[in-house]
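Q: I'm new to this one. Could you take a close look at a single part for me, the salt bridge, and walk me through what sits around it?

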Amino acid sequence: MSTNLIESWLDPAMAVVDEICAAGEPWAKLVTQGQVFRIVDLEGNQAVDTLFFNVAHSVERYSATVTIRLLSLLYLTPVTHLNSNSGLCHLTYRPVPSGA
């Protein structure tokens with residue numbers, strides 16, 4: 001399978017926090033609109049289970065099923081809008097190339 005990587009315009013130094021979270025350990029922080037949240041797989045071939053909630057309305061959360069249904073896509077593409085359970089754009093996925 002061939003993948004076409006598109007370089008992100010985002011500067012990794014803009015990330016809200018630079019922390020290492022041990023495998024299997026929980027982590028929680030507030031990320032506000034316009035801030036960058038960056039996840040880096042340090043070990044390779046790892047999955048990251050991530051939950052995003054609207055701090056002002058805690059019942060609104062990121063929904064993979066709504067996102068997949070609205071996009072008619074199973075995989076994320078560059079600049080994918082991730083939707084909430086309300087159908088609203090909850091956050092935007094922008095990949096950063098490997099090694100960046």
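A: Let's start with a yardstick: a residue counts as buried under 20% relative accessible area, as exposed over 50%, and as partly exposed in between. Keep in mind, too, that this is a predicted model.

Now to the pair itself. The structure holds one salt bridge, and the partners are Glu19 and Lys29, whose side chains meet at 3.4 Å, N to O. The two residues are 10 apart and the pair links distant parts of the chain, though both Glu19 and Lys29 belong to the segment before β1 (53-54). Why do such side chains pair up? Side chains of opposite charge can do so when their charged atoms come close.

How covered are the two partners? Glu19 has a relative accessible area of 42%, so it is partly exposed. Lys29 comes out at 44%, so it falls in the partly exposed class as well.

The segment before β1 also holds Phe37. With 31% relative accessibility, Phe37 is partly exposed, and it is one of the members of a nonpolar surface patch. Joining Phe37 there are Val16, Val17, Trp27, Val31, Ile39 and Val48, and together they have about 510 Å² of accessible area.

What about disulfides? The count is zero. As for cysteines, Cys21 is partly exposed, at 37% relative accessible area, and Cys89 is partly exposed too, at 46%.

Methods
Residues numbered from 1 in each chain as written. Predicted model: local features only at pLDDT ≥ 70, side-chain atom pairs only at ≥ 80, totals over all residues. Heavy atoms only, no water. Salt bridge = Lys/Arg side-chain N within 4 Å of Asp/Glu carboxyl O. Helix = DSSP H or I, 4+ residues; strand = E, 2+ residues; numbered from the N terminus. Buried < 20%, exposed > 50% of the residue type's maximum accessible area, 1.4 Å probe, protein only. Disulfide = S-S within 2.5 Å. Patch = residues over 30% accessible without salt bridge, like charges linked within 9 Å, V, L, I, M, F, W, Y side chains within 5 Å. Areas by Shrake-Rupley, 256 points an atom, 1.4 Å probe, with all protein chains shown as cover.
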